[in-house]
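Work through the exercises below with the model open in a viewer. Each task is followed by a stepwise solution.

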Amino acid sequence: MDTLQQFGLLCPQCGSALLQEPKNNSAVCSGCRNPYPIERGVLNLLRDETTSTDEHYTLQWSREKGFLQFLKSQAEVKKIIPGGQMGWNDLFEEIRAKGRTNPSPRVSVYDAACGFGGIASELVQDDTAGGIAYLGADIHRSLGDITQEIPQLALCGQLIRWDIGNPLPAAQKFDYVICRAALHHTPDPRRTFASLCKALKVGGRLAITVYRKKGLARETLDDAFRKAIIPMDTREAFAVSRQFAVLGRALQAIQGEVSIEEDLPLFGIKKGSYPVQTLIYNYFLKCFWNPVFGEEYSTLVNYDWYHPPFAYRYEPEEILGWYREEGLEVVKRDGIEAQYYFLGEKKA
Ligand SMILES: C[S@@+](CC[C@H](N)C(=O)[O-])C[C@H]1O[C@@H](n2cnc3c(N)ncnc32)[C@H](O)[C@@H]1O
Ligand SMILES: [Zn+2]
């Protein structure tokens with residue numbers, strides 16, 4: 001599949017069509033002749049541009065950390081992460097089912113902020129690779145590791161290095177636009193949302209998850225630690241994030257439960273009985289620990305919470321307003337303690 005043509009990828013500078021160079025190691029603009037490197041299968045539309053979000057995730061999703069391999073090696077991990085919950089599995093099966101029928105044209109998916117390749121590996125499988133056209137975009141510089149982990153991607157997809165806050169430079173519109181747990185990491189999420197909507201076909205579906213606003217104590221304490229950790233470089237931030245895992249592990253080791261006799265709305269706490277770490281974690285301070293994740297991956301989850309420079313949290317009404325303003329009907333909503341899920345359809 002000639003993916004540049006399949007997706008109608010355009011030059012971000014002048015809007016002319018991109019052409020693949022014969023040696024496959026770059027694309028060149030048919031208008032202004034600007035070249036864009038293709039390294040390990042990744043078309044880099046940002047060239048040397050970088051941000052601290054890029055720095056953060058380049059380490060988090062590196063082969064050194066090996067999150068995709070870890071996820072694939074332990075079935076329980078998928079049930080623990082928010083990306084394995086809410087409406088995601090149903091949506092992936094809906095897309096795979098369409099892909100298996102080998103439709104023409106293929107069912108097209110824009111995975112905005114494709115991260116470590118979790119969604120690509122859900123969608124692009126031996127029996128769907130003939131019927132799906134998958135475009136994954138992210139700003140980090142470890143994307144090349146994904147192309148190596150998911151060989152079927154070469155048959156039906158393309159990864160690009162791109163800032164999803166900006167409209168996708170592509171002539172084609174998509175059947176599905178997916179942005180899982182990433183809008184809140186962009187500097188202006190409302191603007192990013194509008195860019196995603198622009199990439200959607202009429203009748204197409206847009207699925208997102210965003211961080212959920214927590215109680216006052218948890219929000220305040222998390223932000224205080226973010227203020228201290230965001231300025232650190234990636235290795236230092238990763239090293240200090242381990243302390244949240246150690247604290248979480250120690251709190252989880254306490255056997256007793258805390259009984260709260262009545263609702264405490266000031267804290268956002270409902271009447272009930274809570275293990276100590278759950279009470280602290282949900283209402284006072286994120287300190288992730290899970291024995292399946294162990295120290296390294298529990299640390300990675302805390303690093304993901306405290307170090308990215310942008311991490312907005314939302315009430316559902318705000319997001320419902322965005323869908324309405326963009327002319328999308330919300331057809332499914334879901335939520336867990338940490339995030340909200342919304343699936344919308346673009347009306348004519
Ligand atoms: C928590 S990860 C989620 C990854 C993936 N969507 C998933 O659910 O498996 C957030 C991702 O958003 C990406 N990201 C943040 N800001 C971005 C931007 N402006 N443009 C493209 N990607 C961005 C990060 O690089 C990171 O890979
Ligand atoms: Zn150009």
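Four donors count as tetrahedral if all angles lie between 85 and 135 degrees. The model used here is predicted.

**Exercise 1. The zinc site**

Task: Find the protein donors of the zinc ion (ligand 2) and classify their arrangement.

Solution:
- Step 1. List the donors. They are the SG atoms of Cys-11, Cys-14, Cys-29 and Cys-32, lying 2.2 to 2.4 Å from the zinc ion.
- Step 2. Check the angles. The 4 donor atoms subtend 97 to 117 degrees, so the arrangement is tetrahedral. For reference, the ideal angle for four tetrahedral donors is 109.5 degrees.
- Step 3. Read the spacing along the chain. The donor residues follow C-x2-C-x14-C-x2-C.
- Step 4. Place the outer pair. Cys-11 sits in the loop between helix H1 (3-6) and strand E1 (18-20), while Cys-32 sits in the loop between strand E2 (26-29) and strand E3 (35-39). The two are 21 residues apart and link distant parts of the chain.
- Step 5. Compare exposure with the cut-off. Buried means under 20% relative accessible area. Cys-11 has 2%, so Cys-11 counts as buried. Cys-32 has 37% and therefore counts as partly exposed.

**Exercise 2. Strands E2, E3 and E4**

Task: Determine in which sense E2 and E3 pair, and what the side chains along E3 do.

Solution:
- Step 1. Take E2 and E3. They pair in the antiparallel sense over 3 bridges. Val-28 has Pro-35 as its bridge partner in E3.
- Step 2. Inspect their hairpin. There are 5 residues between the strands, and Arg-33 takes a positive phi near 70 degrees.
- Step 3. Take E3 and E4. This pairing is also antiparallel, over 2 bridges. Ile-38 has Leu-43 as its bridge partner in E4. The hairpin has 2 residues between the strands, and Arg-40 in the turn has a positive phi of about 45 degrees.
- Step 4. Follow the side chains along E3. Tyr-36 and Ile-38 point to one face and are buried. Pro-35, Pro-37 and Glu-39 point to the other face and are not buried.
- Step 5. Add Asn-44 of strand E4 (residues 42-44). With a relative accessible area of 10%, Asn-44 is buried. The Asn-44 side chain reaches the backbone nitrogen of Leu-46 at 3.0 Å. Beyond four places in sequence, Asn-44 touches Tyr-36, Pro-37 and Arg-161.

**Exercise 3. The sheet**

Task: Work out the order of the 11 strands in the open sheet and which strands lie at its edges.

Solution:
- Step 1. Write the order: E1-E2-E3-E4-E7-E6-E5-E8-E9-E13-E12, with mixed pairing.
- Step 2. Mark the edges. E1 and strand E12 (328-335) each pair on one side only.
- Step 3. Note the twist, which averages 20 degrees from one strand to the next.
- Step 4. Pick a parallel pair. Strand E6 (residues 132-138) and strand E7 (residues 157-161) are joined by 5 bridges. Ala-137 stands opposite Ile-160 in E7.
- Step 5. Locate Gln-339 in strand E13 (residues 339-346). Gln-339 has a relative accessible area of 7% and is buried. Its contacts more than four places away in sequence include Met-86, Ala-181 and Tyr-211. Gln-339 and Met-86 are 253 residues apart along the chain, yet their C-alpha atoms are separated by 9.1 Å.

**Exercise 4. Helix H12**

Task: Establish how many residues of helix H12 (residues 276-283) are buried, and what covers them.

Solution:
- Step 1. Count: 6 of its 8 residues are buried.
- Step 2. Name them: Val-276, Gln-277, Leu-279, Tyr-281, Asn-282 and Tyr-283.
- Step 3. Identify the cover. It includes helices H10 (216-229) and H11 (234-252), and strands E10 (257-260) and E11 (272-275).

Methods. Residues are numbered from 1 along each chain as its sequence is written. Chains are lettered from A and ligands numbered from 1 in the order in which they are written. This is a predicted model: local features need pLDDT of at least 70, side-chain atom pairs count only at pLDDT 80 or more; totals for chains, interfaces and linings use all residues. Side-chain values use heavy atoms; hydrogens and water are left out. Buried means under 20% relative accessible area, exposed over 50%, partly exposed in between (1.4 Å probe, protein chains only). Helices (H or I, at least four residues) and strands (E, at least two) are DSSP runs, numbered from the N terminus. Contact means heavy atoms within 4.5 Å. Donors are N, O and S atoms within 2.8 Å of the metal (3.2 Å for Na, K and Ca); water is not among the atoms, so sites may look incomplete. Four donors count as tetrahedral if all angles lie between 85 and 135 degrees; four count as square planar and six as octahedral if opposite donors are over 155 degrees apart and all others between 65 and 115; anything else is irregular. Two strands pair if DSSP finds at least two bridges between them. Axes are lines fitted to C-alpha atoms, for helices over the stretch in contact, and angles run from 0 to 180 degrees between N-to-C directions. A polar contact is a pair of N or O atoms within 3.5 Å; within protein, one must be able to donate a hydrogen and the other to accept it, and residues adjacent in sequence count only if both atoms are side-chain atoms.
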